[in-house]
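Good morning, and thank you for joining. May I ask you to keep the sequence and the model in view while I speak?

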Amino acid sequence: MTIEYLKRGKPDADRAEDDVKTANVVASTLKEIETRGDAAVRELAVKFDGYDRTSYRLTQDEIDALIAKVSPRDLQDIKFAQEQVVNFAQAQRDSMRDIEVETLPGVILGHKNIPVQSVGCYVPGGKFPMVASAHMSVATAKVAGVPRIIACTPPFNGEPNPAVIAAMHLGGAHEIYVLGGIQAVGAMAIGTETIDPVHLLVGPGNAFVAEAKRQLFGRVGIDLFAGPTETMVIADETVDAEMCATDLLGQAEHGYNSPAVLVTNSRKLAMETLSEIDRILEILPTAGTARVSWEEYGEVILCDSYDEMLQVADEIASEHVQVMTDRDDWFLQNMTCYGALFLGPRTNVANGDKVIGTNHTLPTKKAGRYTGGLWVGKYLKTHSYQKITTDEAATRIGAYGSRLCLLEGFVGHAEQCNLRVRRYGGQNVAYGEAAE
């Protein structure tokens with residue numbers, strides 16, 4: 001088996017150096033927000049977004065005025081997309097049940113799925129107004145039953161983007177702020193004089209947003225590390241170079257550091273795709289962004305077999321994996337590390353991003369090895385509970401507990417058990433001794 005790189009992306013060492021620089025900027029910025037609150041947030045918004053307001057929270061009148069600017073067709077499309085996302089999220093929610101079982105006579109165990117009590121949804125929008133991200137984070141949180149949903153998005157061309165604000169409002173956001181980047185994520189997580197902190201941060205973003213979420217994790221929950229965008233196309237000779245090149249560049253336009261990788265067992269397809277990418281970059285309006293991503297992060301990997309393609313794909317664990325082969329379902333059955341799969345040439349990542357109904361906030365930077373993407377379950381906490389209802393059960397479980405606690409040397413733990421054995425079982429267990 002041989003793996004041949006016909007094109008390689010930026011070396012990992014260079015990427016790591018970029019990550020260190022980003023981490024340092026984020027750390028100092030978050031410290032400013034924690035120390036100076038609203039004043040720091042405002043300075044950052046003016047500096048990075050070019051947007052100055054006394055309050056960055058939109059009033060209901062402002063929200064209504066912005067929604068009124070959205071054309072009827074666009075509003076109809078937004079509602080259609082949200083309906084697809086909500087329908088799938090509701091189906092997922094319905095699959096999650098509270099349970100209660102009697103595991104032994106008199107021993108009741110159960111769990112409840114409880115919504116997180118507040119969530120901050122970040123909706124990117126500096127380069128492109130990410131209308132769809134509002135569906136994915138805000139509307140899904142509403143399905144989960146989160147009682148406080150706040151949403152932040154940067155201004156677009158100097159003003160709040162009407163379509164994004166409409167999507168946030170229709171999705172169920174209770175508070176909407178025109179803030180972008182680190183200042184948005186930091187304000188939602190840390191809190192300021194005018195913004196109460198949330199319990200959970202969700203949503204994709206650029207490298208600075210992703211790093212801010214990483215540094216804030218623990219102080220608040222996060223959905224996952226989502227960003228910058230990654231895409232992979234797994235293809236054989238059942239598809240052509242135009243489709244492969246289009247689907248690679250369609251995601252590379254997200255930003256200047258969006259990896260796009262072709263994995264194939266066809267040298268002919270690989271070479272033709274390289275040529276087709278060059279052709280499309282000459283006519284693509286967003287080539288200024290896509291070209292940088294492709295030149296610095298694009299890769300073409302030639303494999304000998306489908307098994308080898310599978311091995312490479314699972315190792316890279318890309319965010320979006322588009323499979324166009326003569327055995328798409330085989331990849332579905334066997335792939336284990338990815339964000340989301342898009343199976344067959346009729347399917348594409350753009351549909352998943354915008355309208356089909358699955359969530360587009362997905363794991364990046366190999367996080368697909370240990371987590372899936374954002375879904376309604378991310379907003380729910382599964383809490384267990386226990387209840388013993390009979391004296392016999394309290395005595396039986398207590399005796400086992402007493403002995404097992406002392407096996408580990410926990411005398412105080414054992415006494416919790418012994419007290420029940422004495423009180424409900426009538427047994428004379430000496431203090432600090434194991435129950436029979």
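I shall go through the sites annotated in UniProt, then a few further residues and a surface patch.

Please bear in mind throughout that this is a predicted model.

Let me begin with the annotated positions. For the feature "binding site", an unreviewed UniProt entry lists Y122, Q183 and N206. Do these positions gather at one spot or not? They span 85 residues in sequence, yet no two of their C-alpha atoms are more than 12.9 Å apart, so they do gather at one spot.

Two members of this group deserve a closer look. Y122 belongs to strand β4, which covers residues 119-122. Its relative accessibility is 6%, and because buried means under 20%, Y122 counts as buried. The side chain of Y122 comes to 2.8 Å from the backbone nitrogen of G181. Q183, for its part, sits in helix α7, residues 181-190. With a relative accessible area of 3%, Q183 is buried as well. Beyond its neighbours up to four places away in sequence, Q183 touches I33, V41, L44, A45, F48 and D49. With D49 there is also a polar contact between the two side chains, at 3.2 Å.

I now turn to another set of positions. UniProt, again in an unreviewed entry, places the feature "binding site" at T229, Q251, H254, H320, D353, E408 and H413. How far apart are the farthest two C-alpha atoms of this set? They are 55.5 Å apart, and the positions span 185 residues in sequence, so they do not all gather at one spot.

Within this set, I should like to look at the two histidines H254 and H320. H254 is found in the loop between α9 (241-252) and β10 (260-264), whereas H320 is part of strand β12, residues 320-324. Are they buried or exposed, or something in between? H254 has a relative accessibility of 25% and therefore counts as partly exposed. H320, at 2%, counts as buried.

Their contacts link them to other positions of the set. Leaving aside neighbours within four places in sequence, H254 is in contact with K127, F128, M130, T229, T289 and D353. On the same basis, H320 is in contact with T229, E230, T231, M232, Q251, A340, F342, V349, D353 and L362. T229 and D353 thus appear among the contacts of H254 and also among those of H320. Both T229 and D353 are themselves positions in the UniProt list.

Next, two asparagines. N113 lies in strand β3, residues 107-115, and at 9% relative accessibility N113 counts as buried. What do its polar side-chain atoms face? A polar contact of 2.7 Å joins the side chain of N113 to that of T382. In addition, a polar atom of the N113 side chain lies 3.4 Å from the backbone oxygen of R97. Not counting residues up to four places away in sequence, N113 touches R93, M96, R97, D98, L380, K381 and T382.

The second asparagine is N161, placed in the loop between β5 (149-153) and α6 (162-171). At 14% relative accessibility, N161 also counts as buried. Its side chain reaches the backbone nitrogen of A163 at 3.1 Å. Outside its neighbours within four places in sequence, N161 is in contact with P129 and F156.

I come to W375, in the loop between α14 (349-354) and β14 (380-388). W375 is partly exposed, with a relative accessible area of 29%. Leaving aside neighbours within four places in sequence, W375 is in contact with Q92, M96 and T140. M96 is a residue that N113 touches too. As for separation, W375 and G110 are 265 residues apart in sequence and 23 Å apart in space, C-alpha to C-alpha.

Finally, the surface. Which residues make the nonpolar surface patch of about 360 Å²? The patch is made by Y400, L404 and L407. L404 has its place in helix α15, residues 391-407.

To close, I return to the annotated positions. Y122, Q183 and N206 gather at one spot, whereas the set that includes H254 and H320 does not all gather at one spot. Thank you for your attention.

Notes
Residues numbered from 1 in each chain as written. Predicted model: local features only at pLDDT ≥ 70, side-chain atom pairs only at ≥ 80, totals over all residues. Heavy atoms only, no water. Helix = DSSP H or I, 4+ residues; strand = E, 2+ residues; numbered from the N terminus. Buried < 20%, exposed > 50% of the residue type's maximum accessible area, 1.4 Å probe, protein only. Polar contact = N/O pair within 3.5 Å; in protein donor to acceptor, adjacent residues only side chain to side chain. Contact = heavy atoms within 4.5 Å. UniProt positions renumbered as here; feature names shortened; annotations may be inferred. Patch = residues over 30% accessible without salt bridge, like charges linked within 9 Å, V, L, I, M, F, W, Y side chains within 5 Å. Areas by Shrake-Rupley, 256 points an atom, 1.4 Å probe, with all protein chains shown as cover. Salt bridge = Lys/Arg side-chain N within 4 Å of Asp/Glu carboxyl O.
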